[in-house]
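Me: Before we look at the model together, I would like to ask how its descriptive words are earned, and I hope you will set each value against its definition.

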Amino acid sequence: MKLGSILLGVSMILATATFAQDEDRECRRMKKIANDAMIAENYKEATEYFLKGETICGEFDVANYGRLTGSLIRVINVETDADAKKLFSDTLCAIWDRMEEKGLYENKNDMYRGNFELQKSTPDYLKADKYFTRGIAAHANGGTPVQEMYIPLHYYNTYTLYFMEQEATKKNVLKKRMINDYFDLSKLITKSNFSLRAQEGITVYFNSVVQTCDDLTPEIAGFIASLPEDVEAAKVSLMSLIDLMETKKCEDTQEYMDLINAYLQRDPVSPKALEMKGKSLESENKYRDANAIYEKLIDLEEVTPERKDELKYKIVNNLFRTGSYNAAYSKAMNIQGKFRGKAMSIAGQCVGQMANSCGVSTFERNCNYIYAVQLLEQSGGAAGANLIAQYKAKFPTAKDCFGEGNPASVTLECWGVTVKPCN
């Protein structure tokens, strides 16, 4: 080999080595400036030099990418210009994409990533959904904890996908998913002791999509089957859904009763659940069963006297509905307080309903209406003027009184009272 060729080869090797050394030196310089800027909390400068370093160094490790993304997130968080904020978010999401291509992305950042996908110049709702969903799933399996703020944001993103979807079948799939996600996220909110604001945040979007019981009831069985083992957490989740069912006017469904029963399995003496069960039984015209529930409630010490008065009235009303007029009358006469007037209305109607079977003569039987009106007039208007007028029309007439010898008074044996029919 000629000496010239040898010298040329040596020169090229030296030049390449020198270039590599210069490149390595410049790489280290970019990292040094960036790290110094981070120490000085100048995160915009740190971001700038980390990005230059990524280009010059050729390969960044996880630690350097972590410093880059961390600096950029801080820049975005303090940026006040909306357009600049979007451009920074574009850059951040592109970095995460590059990291994922290189196998360096850490899934613990999924919730952050979903958030910034929505802050880009052109939000990518599908990609955001991917990361939010993955982040929630990881949390449920004992992975990275989820911050409260991301719960309503995740649900809002699903709502946006639902709103944007035009194809009916896909839209129905998203609606079903929103229902199931609502249940799951509600449980997560409860388990994580997040604030009421988080629950309210997802409920707003839920109510925008789920309008009727037909949307909701098919999912109840699955909800009950997947309740948490912790009794208190399960009770909170159940009560939340019970309230939701009431909001949607679903009290007359079997699924509503299933929720009540599931709650009572975990708390057999819960006043609220017992009352809701009684109310549901009433809606099914199972008045005797409802009254059995109300009797249990009256015996509970934690039920206030005022609440017990209302429950006693409910029992009276249900007895009247079943035609148990004697029992309804007896209980109505013992009710005091706020529900006294309504009770007197029912007592008067019980007397009116029994009039034709109380008394040995038509005259005596018609005297029942006098007593019935006396009770109705104690109702404070609850009875209604029309009913009073109907009963007065059945009072004994002057002719009836003359035929009976104008008695000064008549004792109604059924009720143990005396009336004056001929004054």
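The questions and replies that follow take up burial, contacts, cores, helices and disulfides in turn.

Me: What should I know about the model and its numbering before we begin?

Reply: This is a predicted model, in which local features need pLDDT of at least 70 and side-chain atom pairs count only at pLDDT 80 or more, while totals for chains, interfaces and linings use all residues. Residues are numbered from 1 along each chain as its sequence is written, and side-chain values use heavy atoms, with hydrogens and water left out.

Me: Why is Ile-136 called buried?

Reply: Buried means under 20% relative accessible area, exposed means over 50%, and partly exposed is in between, with a 1.4 Å probe and protein chains only. Ile-136 has 13% relative accessibility, which is under 20%, so Ile-136 counts as buried. Its place is in helix 6, residues 125-140, where a helix is a DSSP run of H or I with at least four residues, a strand is a run of E with at least two, and both are numbered from the N terminus.

Me: What is Ile-136 in contact with, leaving aside its neighbours within four places in sequence?

Reply: Contact means heavy atoms within 4.5 Å, and on that basis Ile-136 is in contact with Met-111, Val-146, Ile-151, His-154, Leu-185 and Leu-188.

Me: What makes Thr-47 a buried residue, and where does its side chain have a polar atom close to a backbone oxygen?

Reply: Thr-47 has a relative accessible area of 5%, and because this is under 20% the residue is buried. Thr-47 lies in helix 2, residues 43-57, and a polar atom of its side chain lies 2.8 Å from the backbone oxygen of Tyr-43. A polar contact is a pair of N or O atoms within 3.5 Å; within protein, one must be able to donate a hydrogen and the other to accept it, and residues adjacent in sequence count only if both atoms are side-chain atoms.

Me: Which residues touch the most other members of the largest nonpolar core?

Reply: A nonpolar core is a set of buried Ala, Val, Leu, Ile, Met, Phe, Trp, Tyr and Cys residues joined through side-chain atoms within 4.5 Å. Of the 98 residues in the largest core, Ile-151, Leu-216, Tyr-371 and Trp-415 touch the most other members. Helix 19, residues 362-376, gives the most to this core, with 9 residues. A second, separate core of 23 residues includes Ala-46, Cys-57, Trp-96 and Tyr-105.

Me: How do you know what span is expected of helix 12?

Reply: The expected span of a helix is 1.5 Å times one less than its number of residues. Helix 12, residues 231-247, has 17 residues, and its 24 Å from first C-alpha to last is close to the 24 Å expected. At its N-terminal end Asp-230 acts as a cap, with a side-chain oxygen 3.3 Å from the backbone nitrogen of Glu-232. Helix 12 is followed by Lys-249, whose phi is positive, near 60°.

Me: What makes helix 5 mostly covered?

Reply: In helix 5, residues 110-117, 7 of the 8 residues are buried. What covers these buried residues includes helix 3, helix 4, helix 6 and helix 7.

Me: How do you know that Cys-27 and Cys-57 form a disulfide?

Reply: A disulfide is a pair of cysteine sulfur atoms within 2.5 Å, and the S to S distance between Cys-27 and Cys-57 is 1.8 Å, so the pair meets the definition. Cys-27 lies in helix 1 and Cys-57 in helix 2, so the pair ties together parts that are 30 residues apart in sequence.

Me: How many disulfides are found in the whole structure?

Reply: A search of the whole structure finds 4, among them the link of Cys-358 to Cys-414, with S to S 2.2 Å. Cys-358 is buried because its relative accessible area of 3% is under 20%, whereas Cys-414, at 38%, is partly exposed.

Me: Why is Cys-422 called partly exposed?

Reply: Cys-422 has 22% relative accessibility, which falls between the cut-offs for buried and exposed, so Cys-422 counts as partly exposed. Cys-422 forms a disulfide with Cys-401, their sulfur atoms 2.2 Å apart.

Me: Which cysteine sulfur is nearest to that of Cys-350?

Reply: The nearest is that of Cys-414, 13 Å away, and Cys-350 is in no disulfide.
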